[in-house]
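Me: Could you take me through one part of this model closely, starting from the strand pairing, and then go on to the cysteines? Please explain the terms as you use them.

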Amino acid sequence: MAHPSQLGFQDAASPVMEELLHFHDHALMIVFLISTLVLYIIVAMVSTKLTNKYILDSQEIEVIWTILPAFILILIALPSLRILYLMDEINDPHLTIKAMGHQWYWSYEYTDYEDLGFDSYMLPTQDLAPGQFRLLEADHRMVIPVESPIRVLVSAEDVLHSWAVPSLGVKMDAVPGRLNQTAFIASRPGVFYGQCSEICGANHSFMPIVVEAVPLQYFEKWSSLMLEDT
Amino acid sequence: MKGVLMYLKVFSFPPACILNKMSIDRVVSTDVKMAEDIQAKLEKYRTAPFDARFPNQNQTRNCWSNYLDYHRCQKALDAKGVDTAPCDWYKRVYKSLCPISWIQKWDDQREEGTFPGKI
């Protein structure tokens with residue numbers, strides 16, 4: 001989850017998010033290098049007493065500052081396209097979950113075998129236990145088995161919402177009447193938080209998403225308990 | 001020469017009556033085999049598999065298509081008086097993909113006679 005004065009991404013919990021994180025580091029480093037160079041040149045130009053009024057052109061430097069940026073752009077484009085195609089690969093999910101956005105809560109449906117469905121409301125601040133996170137905790141978490149490819153079909157029952165979990169590298173708009181597919185693998189067990197990412201009314205900031213990744217036996221136990229309760 | 005002909009007659013092409021029986025058996029056994037295949041697929045079912053007709057982000061049509069296919073299959077096989085078990089594949093897929101509220105709405109519409117799809 002996000003922490004105070006955070007600068008970078010949250011720790012990755014899926015292989016795709018790891019790739020995105022590393023690519024971002026790579027691209028940002030290039031950006032820092034270029035900015036440092038430009039800033040240095042600006043300071044050097046401004047603070048020198050030397051003048052030169054007679055240079056008209058120079059083929060060599062023109063060649064360098066054309067070829068070098070083109071090369072840098074290729075250096076950025078290749079990993080970018082690699083990740084783009086990686087995210088687009090055909091996957092073979094083990095489980096399908098439907099995340100339906102409502103004003104102002106999410107509901108999750110696990111209907112591959114039985115009809116399991118439940119609502120997930122934000123825990124009000126006054127009901128939080130010590131150590132729980134304000135505006136991020138929910139009463140029912142979306143539990144998934146760890147290290148299994150999961151397909152999530154996102155839709156909405158009223159207005160636009162968006163289902164996002166940054167540490168899993170997932171964000172998908174919830175459009176009424178449309179079923180949007182996204183997929184991910186949780187590479188480690190844990191609890192991952194996200195928030196509704198499309199303005200949807202008064203309580204848009206108060207409908208969080210909580211995904212809990214557990215080993216398969218615990219997932220099976222959880223789903224049979226949930227079926228008994230509902 | 002005669003020996004060669006005898007040999008060819010006995011060991012090559014089966015006689016007509018056997019041929020007939022073989023083709024009937026083949027037709028019956030492909031139906032049975034298909035039903036068995038579908039049973040095996042249903043037993044190993046985890047979730048809706050990748051469908052190359054709907055490779056992209058928008059899976060609305062995938063859900064709609066399987067819902068229609070199930071009910072059309074039911075209607076067609078009921079009309080023929082045949083076991084409707086092969087239709088269960090479509091049912092599993094639409095149950096995996098379609099939101100429960102959509103399924104309920106469509107079921108109600110079918111009962112009222114206002115369902116927009118052609119079944």
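**The three-stranded sheet and the cysteines**

Reply: In this predicted model, β4(A) and strand β10 of chain A, residues 208-214, pair in the parallel sense over four bridges (pairing takes at least two DSSP bridges; strands, E, of at least two residues and helices, H or I, of at least four are DSSP runs numbered from the N terminus). Within this pairing, A:Ile144 has A:Ala213 of β10(A) as its bridge partner. Both strands belong to an open sheet of three strands in chain A, ordered β4-β10-β9, in which the pairing is mixed. The edges are formed by β4 (142-145) and β9 (190-195) of chain A, each of which pairs on one side only, and the twist from one strand to the next averages 25 degrees. Helix α3 of chain A, residues 216-229, packs on this sheet and touches β4 and β10 of chain A (heavy atoms within 4.5 Å), its direction making about 140 degrees with that of β4(A) (lines fitted to C-alpha atoms, for helices over the stretch in contact; N-to-C angles from 0 to 180 degrees).

Residues are numbered from 1 along each chain as written, and chains are lettered from A and ligands numbered from 1 in written order. Local features need pLDDT of at least 70 and side-chain atom pairs 80 or more, while totals for chains, interfaces and linings use all residues, and side-chain values use heavy atoms, without hydrogens or water.

Turning to the cysteines, the count over all chains is two disulfides (cysteine sulfur pairs within 2.5 Å). One joins B:Cys63 to B:Cys98, with 2.1 Å from S to S, and is right-handed, with 120 degrees about the S-S bond. Because B:Cys63 lies in helix α3 (residues 60-80) of chain B and B:Cys98 in the loop between α4 (88-97) and α5 (100-112) of chain B, this pair ties together parts 35 residues apart in sequence. Both B:Cys63 and B:Cys98 are buried (under 20% relative accessible area; exposed is over 50%, partly exposed in between; 1.4 Å probe, protein chains only).

The other disulfide joins B:Cys73 to B:Cys87 at 1.9 Å, and it is left-handed because the torsion about its S-S bond is about -80 degrees. B:Cys73 is buried at 15% relative accessible area, and B:Cys87 counts as buried at 0%. With bonded cysteines counted along the chain, the pattern in chain B is 1-4, 2-3.

In chain A, the sulfur of A:Cys196 has its closest cysteine sulfur in A:Cys200, but 3.8 Å is too far for a bond. A:Cys196 is buried at 6% relative accessibility, and A:Cys200 is buried at 4%.
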